[in-house]
There are 2 protein chains.
Amino acid sequence: MSRVLNNKGPVRDATSRRVRAAVDRLRYVPHIGARSLITRRTSVIGVLLPDLFGEFFSEAIRGIDRAARAAGYQLLLSGLHGDRAQTLTALRSMRGRVDGLVVMSPSVDGSTLSANLPEGWPVILLNCAVDGAAFDSINIDNEGGAAAMVGHLASLGHRRIVHVTGPDDNWDARERRGGYRRAVRAAGGEITRDLEVPGDFTEESGYRAARVVLGMRPRPTAIFAANDAMAIGLLSAFQELGVRVPGDIALGAFDDIPLARFMTPSLSSVAVSIADLGERAMKRLFAALEDGSRHVPCHETLPTRLVARRSSGSCSQKSPPLSRLSRTRRKDP
Amino acid sequence: MSRVLNNKGPVRDATSRRVRAAVDRLRYVPHIGARSLITRRTSVIGVLLPDLFGEFFSEAIRGIDRAARAAGYQLLLSGLHGDRAQTLTALRSMRGRVDGLVVMSPSVDGSTLSANLPEGWPVILLNCAVDGAAFDSINIDNEGGAAAMVGHLASLGHRRIVHVTGPDDNWDARERRGGYRRAVRAAGGEITRDLEVPGDFTEESGYRAARVVLGMRPRPTAIFAANDAMAIGLLSAFQELGVRVPGDIALGAFDDIPLARFMTPSLSSVAVSIADLGERAMKRLFAALEDGSRHVPCHETLPTRLVARRSSGSCSQKSPPLSRLSRTRRKDP
DNA sequence: TCGCACAATGTAAACGTTTACATCGCATCG
DNA sequence: CGATGCGATGTAAACGTTTACATTGTGCGA
């Protein structure tokens with residue numbers, strides 16, 4: 001019976017033993033679905049991610065899972081592939097299955113989201129272009145990180161700095177471009193639309209951007225790529241074309257994926273602890289869950305860290321120190 | 001009412017419209033949890049993974065999610081950190097929440113698993129050390145892949161080939177060691193316990209193994225690392241110590257993570273399509289779901305592909321071809 | 001005109017838990 | 001000795017759906 005399994009209400013010791021014996025004998029396991037119907041809590045958190053791809057995603061999940069496990073929650077995962085209808089479907093099928101929601105969707109606009117999100121649900125938005133106080137949110141300091149990288153390049157003497165952008169409909173991309181512009185302006189550098197080469201966060205678009213950049217006159221002396229993947233594409237192209245980095249042109253990027261330090265030359269980038277982002281989001285979600293309906297949404301911005309390596313020309317370090325090795329632990333082959 | 005939402009039973013057009021109007025007006029959304037109580041299906045698949053870490057895991061999830069989404073299923077994710085009790089807890093809290101299970105757990109033994117798995121549940125085992133016909137299973141051809149890599153090294157003239165192993169309790173690791181031994185024997189090479197250096201799949205253990213290998217007399221001419229992460233550790237150590245690869249010592253590994261081709265020198269490895277593994281598993285699971293109780297468990301082994309790059313000394317290719325670039329697409333920064 | 005078949009709709013049981021409440025036995029106290 | 005209170009246990013309603021079944025309404029052939 002329910003009272004002995006959950007230690008609720010008074011129950012005599014003998015009875016408890018008798019019940020437990022029967023439970024064992026019949027291999028009875030409670031049906032969690034039925035329980036959550038009456039309890040109105042599922043111990044499940046819904047997680048909506050933009051794309052199930054690459055290090056970024058896996059890091060985010062790792063942080064989220066760590067916090068969830070610690071709090072006794074499970075994760076209902078959904079990777080929404082940018083499609084609006086799919087987002088809606090995913091949201092809908094979460095109803096009645098989850099206690100709260102973590103949504104990371106840099107390319108979905110705020111109104112769509114808030115229109116389809118259930119009223120009273122605890123929701124944490126990660127890196128969403130949603131303004132206002134409607135929901136809790138945690139964002140990466142894209143603007144500050146980008147400005148730091150561009151400032152770093154400027155401090156090395158560069159004044160003609162190209163920015164290879166991310167997609168226009170991506171919130172992170174827009175923020176990073178903003179940081180780029182601010183830093184260029186602050187450094188008294190040149191700021192034109194021509195210096196912004198459109199990309200889409202893929203390696204391939206970086207590869208293509210390389211030729212565009214090399215065609216510019218006078219040739220820019222530095223590039224800030226909006227993410228590491230595009231920087232890798234740029235490096236590949238430069239290597240093929242015999243352009244030396246950072247000798248002929250300096251390069252900085254954003255994300256600091258594990259690959260970055262293994263590139264030749266090693267890639268200067270802006271690091272952000274994605275796992276922390278996820279873990280933090282969950283902690284806030286649990287807090288909101290406790291507070292119930294009387295919860296004031298709050299907004300947080302996670303700082304970034306500039307990692308100067310060889311591609312920006314600031315550092316002559318040859319090999320990575322061992323201390324960083326252990327970070328990339330892989331339990332599974 | 002249920003009949004109009006699900007298009008079951010006869011219902012007049014006018015009534016249907018009237019009901020739908022009310023549904024819209026009240027913003028009614030069905031409670032999926034309650035529905036699954038009576039229908040006895042949840043449209044959710046439980047996924048148990050060894051560790052939520054790195055490319056390997058994210059690729060697996062990606063394949064699983066792709067197939068699940070296509071079939072209208074959602075994913076209940078759980079990363080079990082090797083702990084037996086946690087595995088049991090995870091399994092238990094899946095009861096009543098999922099229609100089927102995908103379990104990837106290279107370090108859990110078969111008896112533990114089959115003892116705690118519900119009787120009639122459709123379950124697919126990935127890379128598990130579970131023998132017999134109890135459950136469906138899909139495995140990677142670790143043995144064959146390892147043998148291919150070692151054979152590749154032998155064909156380049158190497159006879160004294162070291163194997164840096166994975167953890168002993170890991171099924172993949174044991175299989176790969178078996179492949180190593182078979183290939184060495186077949187090539188008439190030296191086969192001693194001394195040539196097997198213990199590792200644990202981490203970069204750090206690879207780094208440490210490097211010094212062990214360099215201390216051997218006569219010095220081995222080639223190394224087969226049981227996974228890429230350890231090979232990266234080896235490369236770091238060799239670089240620091242001024243040992244040239246493949247000049248002084250050749251190196252081959254296993255997994256072909258995206259990083260492999262960006263290392264200097266680029267890393268020869270054994271590729272396996274993890275995403276395919278996941279997708280395949282889901283398809284089989286759905287098939288089992290259809291068949292109901294009358295389903296014969298079947299076992300499958302996924303082939304691997306040898307990718308010879310510079311670290312093994314077989315190939316002088318300098319930069320990766322563009323065609324491979326698009327594979328590493330990252331939607332999110 | 002009266003059944004009759006059949007389509008449309010209303011009704012209630014069922015799924016497997018939790019929990020509020022009723023009941024019962026027992027000891028203590030007036 | 002009977003009333004009171006309390007700890008232990010039994011009972012049934014509730015959660016939000018689906019579905020089998022009962023009921024009602026309608027047109028049609030006999």
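This briefing walks through the strands and sheets of a two-chain structure, with a look at how covered they are.

The model is predicted. One open sheet of 12 strands draws on both chain A and chain B. Another open sheet, of 4 strands, belongs to chain B.

**Chain A overall**
- Chain A holds 11 helices and 12 strands.
- Chain A has 333 residues, and 51% of them count as buried.
- Take the contacts in chain A between residues at least 6 apart in sequence. Of these, 74% join residues at least 24 apart.

**The 12-strand sheet**
- In chain A, the order runs β11(A)-β5(A)-β4(A)-β3(A)-β1(A)-β2(A). It then continues into chain B as β2(B)-β1(B)-β3(B)-β4(B)-β5(B)-β11(B).
- The pairing in this sheet is mixed.
- β11 of chain A (299-302) and β11 of chain B stand at the edges. Each has a single partner strand, so one side of each is left without a neighbour in the sheet.
- From one strand to the next, the twist averages 20°.
- Strands of a sheet pair through backbone hydrogen bonds, either parallel or antiparallel.

**Where the chains join: β2(A)**
- Which strand of chain B is joined to β2(A)? It is strand β2 of chain B, residues 74-79. The two run antiparallel, with 3 bridges between them.
- At this join, A:Leu77 stands opposite B:Leu75 in β2(B).
- Within chain A, β2(A) (residues 74-79) pairs with strand β1 (residues 44-49). That pairing is parallel and spans 6 bridges.
- There, A:Gly46 stands opposite A:Leu76 in β2(A).
- β2(A) is mostly covered, with 6 of its 6 residues buried.
- In a regular strand the side chains alternate between the two faces of the sheet.
- Both faces of β2(A) are covered. A:Gln74, A:Leu76 and A:Ser78 are buried on one side. A:Leu75, A:Leu77 and A:Gly79 are buried on the other.

**Strand β5 of chain B**
- Why is β5(B) described as largely enclosed by the rest of the structure? The strand covers residues 136-140, and 5 of the 5 are buried, so it counts as largely enclosed.
- One face of β5(B) carries buried B:Asp136, B:Ile138 and B:Ile140. The other carries buried B:Ser137 and B:Asn139.
- Strand β4 of chain B (residues 123-126) runs parallel to β5(B), joined by 3 bridges. B:Ile124 stands opposite B:Asp136 in β5(B).
- β5(B) also pairs with strand β11 of chain B (residues 299-302), in the parallel sense over 4 bridges. B:Ser137 stands opposite B:His299 in β11(B).

**The 4-strand sheet in chain B**
- The order of this open sheet is β7-β6-β8-β9, and the pairing is parallel.
- β7 (196-197) and β9 (250-252) of chain B stand at the edges. Each has a single partner strand, so one side of each lacks a neighbour in the sheet.
- Strand β6 of chain B (residues 161-164) runs parallel to β7(B), with 2 bridges joining them. B:Val164 stands opposite B:Val197 in β7(B).
- Helix α10 of chain B (residues 228-241) packs on the sheet. The helix touches β6, β8 (222-225) and β9 of chain B. The direction of α10 makes about 140° with that of β8(B).

Notes. Residues numbered from 1 in each chain as written. Chains lettered and ligands numbered in written order. Predicted model: local features only at pLDDT ≥ 70, side-chain atom pairs only at ≥ 80, totals over all residues. Buried ≥ 20, exposed ≤ 12 C-beta atoms within 10 Å, placed from the backbone. Pairing = 2+ DSSP bridges. Contact = placed C-beta atoms within 7 Å. Axes fitted to C-alpha atoms, helices over the stretch in contact; angles between N-to-C directions.
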